[in-house]
Amino acid sequence: ELYSTTLGTLRRYPGSHVWQMFSGHVDLPQDTDGRFFLDRDGEAFHYVLNFLRDGSAPVGLTRAMRVAILREARYFGLKELHQSLGGVQEITTRSGGDSPSGRGARASAGSQ
């Protein structure tokens, strides 16, 4: 999956892992076009990205997708998203990564 967004969107939640990733604190792999590659669930990342854009929790999810988004919210350190979906596990800021196999998400981020 290929997603495009701004750095401002990716940095919306200071202190989160996604904020760290796109604030120069983590060396992320890039392809030849300068797009970042995140080895995460691309379908669930769609919902994470929408949450970063407007702070709204996704609705109408299947149980499986809710669990997948909870996992991504935990990975990215987005406690607000995790809590809005009913997650109760503590979210901590992280460095480095636990990257499950599966479809990855490519993010193209422009500055703004």
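**Exercise 1. Count the salt bridges in this predicted model, then find which residues share partners.**

*Solution.*
Step 1. Begin with the total: the structure holds 3 salt bridges.
Step 2. Look at Arg35. Its side chain meets that of Asp31 at 2.9 Å, N to O. The side chain of Arg35 also meets Asp33, at 3.1 Å, N to O.
Step 3. Put these pairs together: salt bridges that share partners join Asp31, Asp33 and Arg35 into one network.

**Exercise 2. Sort Asp31, Arg35 and Asp33 into buried, partly exposed or exposed.**

*Solution.*
Step 1. Recall the cut-offs: buried is under 20% relative accessible area, exposed is over 50%, and partly exposed lies in between.
Step 2. Asp31 has 18% relative accessibility, so Asp31 counts as buried.
Step 3. Arg35 has a relative accessible area of 23%, so Arg35 is partly exposed.
Step 4. Asp33 has a relative accessible area of 58%, so Asp33 is exposed.

**Exercise 3. Find the salt-bridge partner of Glu72 and say where both residues sit in the chain.**

*Solution.*
Step 1. Follow the side chain of Glu72 to that of Arg40: they meet in a salt bridge of 2.9 Å, N to O.
Step 2. Now place the two residues. Glu72 belongs to helix 4, while Arg40 lies in the loop between strand 2 (36–38) and helix 3. They are 32 residues apart, so this pair links distant parts of the chain.
Step 3. Check the burial of each partner. Glu72 is buried, because its relative accessible area is 1%. Arg40 also counts as buried, because its relative accessibility is 3%.

**Exercise 4. Compare the span of helix 4 with the expected value.**

*Solution.*
Step 1. Helix 4 covers residues 63–75, which makes 13 residues.
Step 2. From its first C-alpha to its last, helix 4 reaches 18 Å.
Step 3. At 1.5 Å a residue, 18 Å is expected, and the span of helix 4 is close to that.

**Exercise 5. Which residues of helix 4 are buried, and what covers them?**

*Solution.*
Step 1. List the buried residues of helix 4: Met65, Ala68, Ile69, Leu70, Glu72, Ala73 and Tyr75.
Step 2. Remember that an α-helix has 3.6 residues a turn, so residues three or four places apart point the same way.
Step 3. Look at the surroundings: the cover over these buried residues includes helix 2 (17–21), helix 3 (42–54) and helix 5 (79–84).
Step 4. Finally, step past the end of the helix. Just after helix 4, Gly77 takes a positive phi of about 70°.

Definitions and conventions:
Residues are numbered from 1 along each chain as its sequence is written. This is a predicted model: local features need pLDDT of at least 70, side-chain atom pairs count only at pLDDT 80 or more; totals for chains, interfaces and linings use all residues. Side-chain values use heavy atoms; hydrogens and water are left out. Helices (H or I, at least four residues) and strands (E, at least two) are DSSP runs, numbered from the N terminus. The expected span of a helix is 1.5 Å times one less than its number of residues. Buried means under 20% relative accessible area, exposed over 50%, partly exposed in between (1.4 Å probe, protein chains only). Contact means heavy atoms within 4.5 Å. A salt bridge is a side-chain nitrogen of Lys or Arg within 4 Å of a carboxyl oxygen of Asp or Glu.
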